[in-house]
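Me: Mind walking me through how the helices and strands in this one pack together? Keep it casual.

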Amino acid sequence: MIPHSRPSLGKEEEEAALRIIRSGMLAQGDEVAHLEQSLAERLQAKHVIAVNSGSAALHLALLVLTLPPKANVLLPSYVCTALLNAIRLTGNTPILADIDPKTFQLVASTTEHDAIQAVLAPHMFGHTVDIDTLRTFDTPLIEDCALALGARYKGKPVGGFGDLAICSFYATKVICGGEGGAIATSSDTLAEHLRDLRDYDGRKDTKLRYNYKLTDLQAALINAQLDKLDAFLQRRLNLGKVYAAGLSQTDAVLPFFKEGEFPFRYVITHPKPASELITAFESRGVSVRNPVFYPLHNLLKLDDASYPHTTQTHKHAISIPLYPDLSDIEVDHILQVAQELL
Ligand SMILES: Cc1ncc(COP(=O)(O)O)c(C=O)c1O
């Protein structure tokens with residue numbers, strides 16, 4: 001079975017892990033500091049604070065914004081529950097938006113402006129969210145780059161537009177360390193607050209703090225992966241072109257990547273139900289997935305009619321394997337199966 005996702009780990013990661021194990025220093029240290037500096041340069045942000053997951057990053061990002069109680073936070077319905085969890089953990093109120101079915105990005109309705117007190121905007125699947133429109137909300141903006149690290153919006157890296165931006169280094173992400181996360185900001189005040197909350201130890205007060213620290217072992221892996229990010233993006237772009245050419249004669253609607261975007265997931269929509277396609281691909285040795293497990297409006301028991309594009313996309317979209325480590329033989333097999341089924 002060709003897996004839906006697979007990390008690209010090589011000699012560099014192996015050597016990095018060995019180096020840390022031999023050093024005897026596993027906890028947050030020089031490797032984490034190095035990661036924070038390199039990522040800040042890459043995202044063109046002044047500060048990066050590494051944490052141990054994207055979820056921890058989302059939690060801290062919402063905490064340091066010090067929003068009014070139960071603040072209305074805008075997010076798309078078509079995203080994983082990590083975003084919803086962070087909103088609930090901080091006592092805020094999720095306000096769900098529908099998506100653009102072509103780009104899978106949150107579409108903010110201008111009528112919502114007055115009610116919204118913060119925006120949590122993921123760049124989905126390597127595409128970029130409409131930052132310019134979200135900026136007209138005049139509320140704090142958190143960019144979620146978990147699925148788009150390395151993408152550019154109007155020539156600038158995603159992650160440098162929001163008041164805060166978060167990343168995830170979970171095993172299936174663009175670059176990975178098993179688990180891991182980071183928050184970027186150009187605000188000195190927010191950065192100081194984030195660093196304070198990340199670690200509870202050695203304090204002379206009882207303020208509520210967390211243990212959200214990343215280990216040097218994970219940071220060493222992520223550093224090795226960050227060195228390869230541009231090569232990963234190029235390989236993903238090339239594979240995207242191979243799929244676009246190979247699937248052009250099928251009934252599938254193929255994704256379109258604007259300049260600066262790249263296929264983190266290759267999400268196609270098709271007249272047949274996604275559930276049927278997933279089973280058919282699996283029986284031919286290719287693992288394909290619903291790009292989002294379950295829309296948030298369904299989990300929250302909200303009406304499908306208010307989220308028509310999310311509902312349709314969930315029923316008809318599948319993500320087919322696309323990652324740097326795919327071999328040419330695997331790519332040929334995926335294309336052959338896709339051409340038959342789509
Ligand atoms: C858009 C998005 N943000 C945040 C997260 C959470 O990241 P983590 O799994 O590192 O907690 C995910 C997880 O897949 C995600 O898809």
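Me: At what angle do helix H1 and helix H7 pack?
Reply: Quick caveat first: this is a predicted model, where local features need pLDDT of at least 70 and side-chain atom pairs count only at pLDDT 80 or more, while totals for chains, interfaces and linings use all residues. Residues are numbered from 1 along each chain as its sequence is written. Helices are DSSP runs (H or I, at least four residues) and strands likewise (E, at least two), numbered from the N terminus. With axes as lines fitted to C-alpha atoms, for helices over the stretch in contact, and angles running from 0 to 180 degrees between N-to-C directions, H1 (residues 11-23) and H7 (residues 216-227) have axes 9 Å apart and an angle of about 155°.

Me: Which label does that give H1 relative to H7?
Reply: Angles under 35 degrees count as roughly parallel, over 145 as roughly antiparallel, 65 to 115 as roughly perpendicular and the rest as oblique. H1 is therefore, relative to H7, roughly antiparallel.

Me: Which residues of H7 does H1 meet, and how many of the contact residues are charged?
Reply: Contact here has C-beta atoms, placed from the backbone, within 7 Å. Glu12, Glu13, Ala16, Ala17, Arg19 and Ile20 of H1 meet Asp216, Leu217, Ala220, Leu221, Asn223, Ala224 and Gln225 of H7. For classes, Ala, Val, Leu, Ile, Met, Phe, Trp, Tyr, Cys and Pro count as nonpolar, Asp, Glu, Lys and Arg as charged, and the others, Gly among them, as polar. The contact of H1 with H7 then has 7 nonpolar, 2 polar and, the number you're after, 4 charged residues.

Me: How are H3 and H6 oriented to each other?
Reply: The axes of H3 (residues 54-64) and H6 (residues 188-198) come within 10 Å and cross at roughly 125°. Leu60, Leu63 and Val64 of H3 meet Leu190, His193, Leu194, Leu197 and Arg198 of H6, a contact of 6 nonpolar, 1 polar and 1 charged residues. The two helices are therefore oblique.

Me: What about H3 and H4, which residues of H4 make the contact?
Reply: H3 and H4 pack at about 35°, with axes 9 Å apart. From H3 come Gly54, Ser55, Leu58, His59 and Leu62, and from H4 come Ala82, Leu83, Asn85, Ala86, Ile87 and Leu89.

Me: Which helices each supply at least two residues of the ligand shell?
Reply: The shell takes residues with a C-beta atom, placed from the backbone, within 6 Å of the ligand. It has 14 residues, the closest being Gly54, Ser55, Ala82, Ala146 and Ser168, and by class 8 are nonpolar, 5 polar and 1 charged. The helices that each give at least two are H3 and H4 (81-89).

Me: Which strands stand at the edges of the sheet?
Reply: Strands pair if DSSP finds at least two bridges between them. The open sheet has 7 strands in the order E1-E9-E8-E5-E4-E2-E3, with mixed pairing. Each edge strand has a single partner, so one side is left without a neighbour in the sheet: those are E1 (47-51) and E3 (93-97).

Me: What is the bridge partner of aspartate 144 in E8?
Reply: E5 (residues 141-144) and E8 (residues 164-168) pair in the parallel sense over 3 bridges. Aspartate 144 has as its bridge partner in E8 isoleucine 166.

Me: At what angle to E1 does H6 run?
Reply: H2 (residues 30-43) packs on the sheet too, touching E1, E8 and E9 (181-185), with its direction at about 135° to that of E1. H6 lies across E1, E8 and E9, and its angle to E1 is about 15°.

Key
Contact = placed C-beta atoms within 7 Å.
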